Amino acid sequence: MIAARFKKIFEPTRIGQMQLKNRIVMPPTGTNYAEKGGAIGQRTLDYYEARARGGVGLIIVEGSAPDPQRTVLYQASLGDDNLIPRWQKVTDAAHKYDARIAIQIMHSTIENWDGKAVQVGPSPVIVPARFMGTPGNPPHELTEQEIAERIGSFAAAARRARLRALMGWRFTVLTSTLSPPFSPQPPTSAKISTAAQSRTRQDFWWR
Ligand SMILES: Cc1cc2nc3c(=O)[nH]c(=O)nc-3n(C[C@H](O)[C@H](O)[C@H](O)COP(=O)(O)O)c2cc1C
């Protein structure tokens with residue numbers, strides 16, 4: 001009945017060279033199902049497999065940390081080669097149901113510095129009504145060098161997603177999550193995009 005009423009949603013389509021079996025897209029939705037250190041476990045695998053089995057045409061995996069040291073607890077990560085074989089299982093589970101899968105690479109604004117959670121940002125501005133971080137405390141103001149390191153992490157994470165056939169990528173702009181009130185800062189976002197694309201390909205989506 002739903003299929004008859006919303007016929008168009010169930011029709012195939014393309015994004016670039018990527019063929020989708022329908023127009024149902026699951027947006028990135030953080031689960032905090034990962035293990036400590038950002039590894040994917042059975043719970044995450046089951047979660048995404050269930051969505052693929054349910055008929056989603058394109059799954060965009062939750063915002064995953066470009067660096068496991070620069071993450072909130074239990075956030076999934078693409079930050080180390082050792083973490084990638086388990087991501088491959090998620091990809092395989094999606095493909096089993098002819099779903100396509102992409103991943104969002106996302107810095108959460110919180111980093112783990114010697115066991116301590118530290119919020120970082122491009123400027124030491126307190127965010128009102130902050131839903132993450134340490135209320136009332138200004139974030140650590142990243143230096144140019146520190147920002148460059150984080151851009152490098154984004155690029156490396158994009159390369160891992162590409163190598164392991166996560167079928168596309170979408171990044172959350174570093175500064176959109178680092179800067180209050182989440183407004184992207186074009187120069188840094190452009191640098192992330194350029195760095196990530198240099199490690200992958202422009203037409204990443206088709207894989
Ligand atoms: C629990 C939860 C986790 C989310 N995690 C992410 C995330 O990791 N990355 C992101 O870009 N958006 C995230 N979102 C936003 C969703 O992807 C989506 O854009 C939002 O729920 C609005 O979609 P809707 O209009 O279909 O409800 C999250 C939303 C919820 C409720």
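In this predicted model, Asn112 sits across from Ala117 of strand β7. That pairing belongs to the β6–β7 ladder, where four bridges hold the two strands together in an antiparallel arrangement. The two strands form a hairpin with two residues between them, and here Asp114 adopts a positive phi near 50 degrees.

The hairpin is part of a bigger picture: β6, β7 and β8 line up in that order as an open sheet of three strands, and the pairing is mixed. At the edges lie β6 (110-113) and β8 (140-141), each of which pairs on one side only. As for the other ladder, β7 (residues 116-121) runs parallel to β8, with two bridges between them. Within this stretch, Gly121 is found opposite Glu141 of β8. In general terms, strands of a sheet pair through backbone hydrogen bonds, in either a parallel or an antiparallel sense.

Turning to the helices, a packed pair is described by the angle between the axes and the distance between them. For helix α2 (residues 42-53) and helix α3 (residues 84-96), the axes approach to within 8 Å and cross at roughly 20 degrees. Since angles under 35 degrees count as roughly parallel, α2 is therefore roughly parallel to α3. The crossing of α2 past α3 is right-handed. On the α2 side, the contact is made by Thr44, Leu45, Tyr48, Glu49 and Ala52, which meet Lys89, Val90, Ala93, Ala94 and Lys96 of α3. By residue type, this α2–α3 contact comprises six nonpolar, one polar and three charged residues.

That leaves the ligand. Its surroundings are made up of nine residues, with Pro27, Pro28, Thr29, Gly30 and Gly63 the closest. Sorted by type, the shell around the ligand has three nonpolar residues, five polar ones and one charged.

Conventions
Residues numbered from 1 in each chain as written. Predicted model: local features only at pLDDT ≥ 70, side-chain atom pairs only at ≥ 80, totals over all residues. Axes fitted to C-alpha atoms, helices over the stretch in contact; angles between N-to-C directions. Parallel < 35°, antiparallel > 145°, perpendicular 65-115°, else oblique. Left-handed = near helix turned anticlockwise from the far one by under 90°. Contact = placed C-beta atoms within 7 Å. Nonpolar A, V, L, I, M, F, W, Y, C, P; charged D, E, K, R; others polar. Near = placed C-beta within 6 Å. Pairing = 2+ DSSP bridges.
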